[in-house]
Amino acid sequence: MAERIEQRLEDRIPELEQLERVGLFTHKEIRAVLRKASALEYKIQRRALRKEDFINYIQYEVNLLELIKKRRARIGYSFKKEEIEYSILHRVHSLFNRATGKWKDDVQLWLSHVAFCKQWNAKHQLSKVFSTMLAIHSNKPALWIMAAKWEMETRLSSESARHLFLRALRFHPECPKLYQEYFRMELMHAEKQRKEKKEFEQAKMDLGEFNYSEEILNGEMARIVYRDASQKIKGVEFQLAVLSIAKLFDFTQDLQKEILESLQSRYADDPLTWDYLARRELELGSLQPTEHTTKHKKVSEMAQREERCCAVFDEAVRALPTEDMWKCYITFCLERYNRKTNSEELKQKRLERTLSVFSKAHESSLLPEALYKQWLQLLLDSNLSEKAVEVAEAATGRFSQSVEMWQMRLQVLIQLKRDDVTQCFEEAMKRVKSKGTLPLWTLWVEWSEGTNSKEDTEALYQRSLHATTHAESVTMKEMYLDWTYRNGGYKKVKRLFTSLCENRPFSLDFFRKMIQIEKEQESCKMLHLREYYERALREFGSTNTDLWLDYIKEELSHPKGKPENCGSIHWRAMKMLQGDLVEDFVSKYTLLQTGHL
């Protein structure tokens, strides 16, 4: 192994001598490079190879290349690149080849090699990398697309790109992304040929020796790709993606028409088709020239375009009365309403239209649950409070088991300071099952804290503990404890804590809150703190290392603490903690003893 390393270091000597001779590096720096290279070489020649060693070696060589590049720019010397940089580049490629050969499944390693080749313009080497990578990772469409794009955009070889796409489609015959990018590539090829032909015609050159097929110039190859893909890939999303690509090229009107006709005939019952057709009305209007038009005329044209969109949407909800179709319609209306405009008239029209569509969807019983919240917010923002109350009531009538709907209705009533809030809470608790009602109880007690008497609020807290599930009652206990301390003082909260401890389950925050309350008292008693810590450890001592450490810190720092108890606490922690937590506790305890925690 040593001989092989010595040989590789000797192979570096010519390039290092050149670096010193031309003044890019000093003799001292050359020696440092040799030392570092020797250490890195030994690491990658070991029997048990590590990927990190190869990555570090490659990174070192890349940094060296960057340093040489900067020093060349500084002193203005651009010769001897073949003896210096090319030698280092060859070594980096060799390191990448060894690494990817050893760890073939690491895609990131392959991509790093690709990025390096692109950075240093190593086209021939990159072609080899892509070829080897695709042979191993043929199951990843993104890599095929990357290779084909490079062939098309960098090497300007549409033939090679087409060949790669066809190979990829043999492995992934139903991959939408591959077909989309292949379709785009054929259109780019057609556009490139059209530009070439136009330039030759302008230069009045004889086109006899160039074979420009009219079919290819008009995008016929892309049409073939589209038709083949349409037979294999179902779904309106693919059709819309292909159509959006075709719209980027100005010679594809016939192709766009064919895709649109296919979309309308095959996917007429899909909401996305109608959504596209409606939004297309905005684009059709914007194709007309808008120069020398007044502000009022622009607003009027925009209003007309939006009316045409809505006309299509109205037809859509008649032909396809589904929740998804109404959702598309409402989403469009909200998008238009949220667009900034200086015209109050246009904004008012948009608001009226949006509210009208919400109402129609609700009347049809096809308004999705998630959109009720947006409808209510829009009504409240528009100061239509009575309508908001009416809508909130209708929402809970339709989705009577939905906690979110009741929460939304109650928030509206609270915001408007209505008198029937308590009545609504009571109704909600009757309709909704006990499981999952925690958001309603927290909302109710928070509202009661600021509105009702202390006695009513305490009664509500007591009621919530019995009404919620065991898991949900944990949160209510924490809130109850906090509220009691703020409103009843230390003695009352201590009695409540003792009372609540009779019924499990508890949370760690429940105990920590009581510990914090005790520490806030002027006469903080260690006896009480020990009681709270002991109660907490009975529940969480096997799963929480920090609790044990806090207990030990308390004994050490409290004026009435007993440092001699720390040993027994440590022993109990070691017995009680489970798995890796023992090691975690030991390391933290050591830091505590040395004063680093």
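The legends below describe close-up views of a predicted model.

**Figure 1. Overall view of the protein, with 29 helices and 0 strands.** The C-alpha trace spans about 100 × 80 × 45 Å along its principal axes. The radius of gyration is 37 Å, whereas a compact globule of 597 residues would have a value near 25 Å. Of the 597 residues, 45% are buried. Among contacts with a separation of 6 or more, 60% join residues 24 or more positions apart.

**Figure 2. Residues 9-91, which carry a UniProt annotation.** The record, an unreviewed entry, places the feature "domain: U3 small nucleolar RNA-associated protein 6 N-terminal" here. In the model, this stretch is 76% helix and 0% strand. The C-alpha atoms at its two ends are 11 Å apart.

**Figure 3. The largest nonpolar core, seen around Phe183.** This core has 153 residues, and Phe183 and Tyr372 are the ones that touch the most other members. Helix H24 (residues 470-500) supplies the largest share, 10 residues. A second, separate core has 28 residues, among them Leu24, Ile44, Leu95 and Ala99. Apart from neighbours within four places in sequence, Phe183 is in contact with Ala222, Val225, Tyr226 and Val242, and also with Ile245, Ala246, Leu255 and Ile259. In soluble globular proteins, nonpolar side chains tend to be buried together.

**Figure 4. Helix H17 (residues 344-363) and the helices that cover its buried residues.** At 1.5 Å a residue, the 20 residues of H17 should span 28 Å, and the end C-alpha atoms are 28 Å apart, so the two values agree. The buried residues of H17 include Leu346, Leu351, Leu355, Val357, Phe358 and Ala361. Arg350, Arg353, Thr354 and Ser359 are also among the buried residues of H17. Their cover includes helix H15 (295-319) and helix H16 (323-338), on the one hand, and helix H18 (369-381) and helix H19 (385-398), on the other. An α-helix has 3.6 residues a turn, so residues three or four places apart point the same way.

**Figure 5. Two loop residues with positive phi, Ser365 and Asn383.** Ser365 lies in the loop between H17 and H18. Its phi is positive, about 60°, although Ser365 is not a glycine. Ser365 counts as partly exposed because its relative accessibility is 45%. Asn383 is in the loop between H18 and H19. Asn383 is not a glycine either, yet has a positive phi of about 60°. With 67% relative accessibility, Asn383 counts as exposed, since the cut-off for that class is over 50%.

**Figure 6. The cis peptide bond from Arg504 to Pro505.** Omega for this bond is near 0°. Pro505 sits in the loop that runs between H24 and helix H25 (508-520).

**Figure 7. Cysteines in a structure that holds 0 disulfides.** Which cysteine sulfur is closest to that of Cys566? The closest one belongs to Cys524, and at 16 Å it is too far for a bond. A disulfide would need the two sulfur atoms within 2.5 Å. Cys566 has a relative accessible area of 6% and is therefore buried. Cys424 counts as buried too, at 3% relative accessibility. Both values fall under the 20% cut-off for buried residues.

Note on methods
Residues numbered from 1 in each chain as written. Predicted model: local features only at pLDDT ≥ 70, side-chain atom pairs only at ≥ 80, totals over all residues. Heavy atoms only, no water. UniProt positions renumbered as here; feature names shortened; annotations may be inferred. Helix = DSSP H or I, 4+ residues; strand = E, 2+ residues; numbered from the N terminus. Core = buried A, V, L, I, M, F, W, Y, C linked by side-chain atoms within 4.5 Å. Buried < 20%, exposed > 50% of the residue type's maximum accessible area, 1.4 Å probe, protein only. Contact = heavy atoms within 4.5 Å. Expected span 1.5 Å × (residues − 1). Rg over C-alpha atoms; globule rule 2.2 N^0.38 Å.
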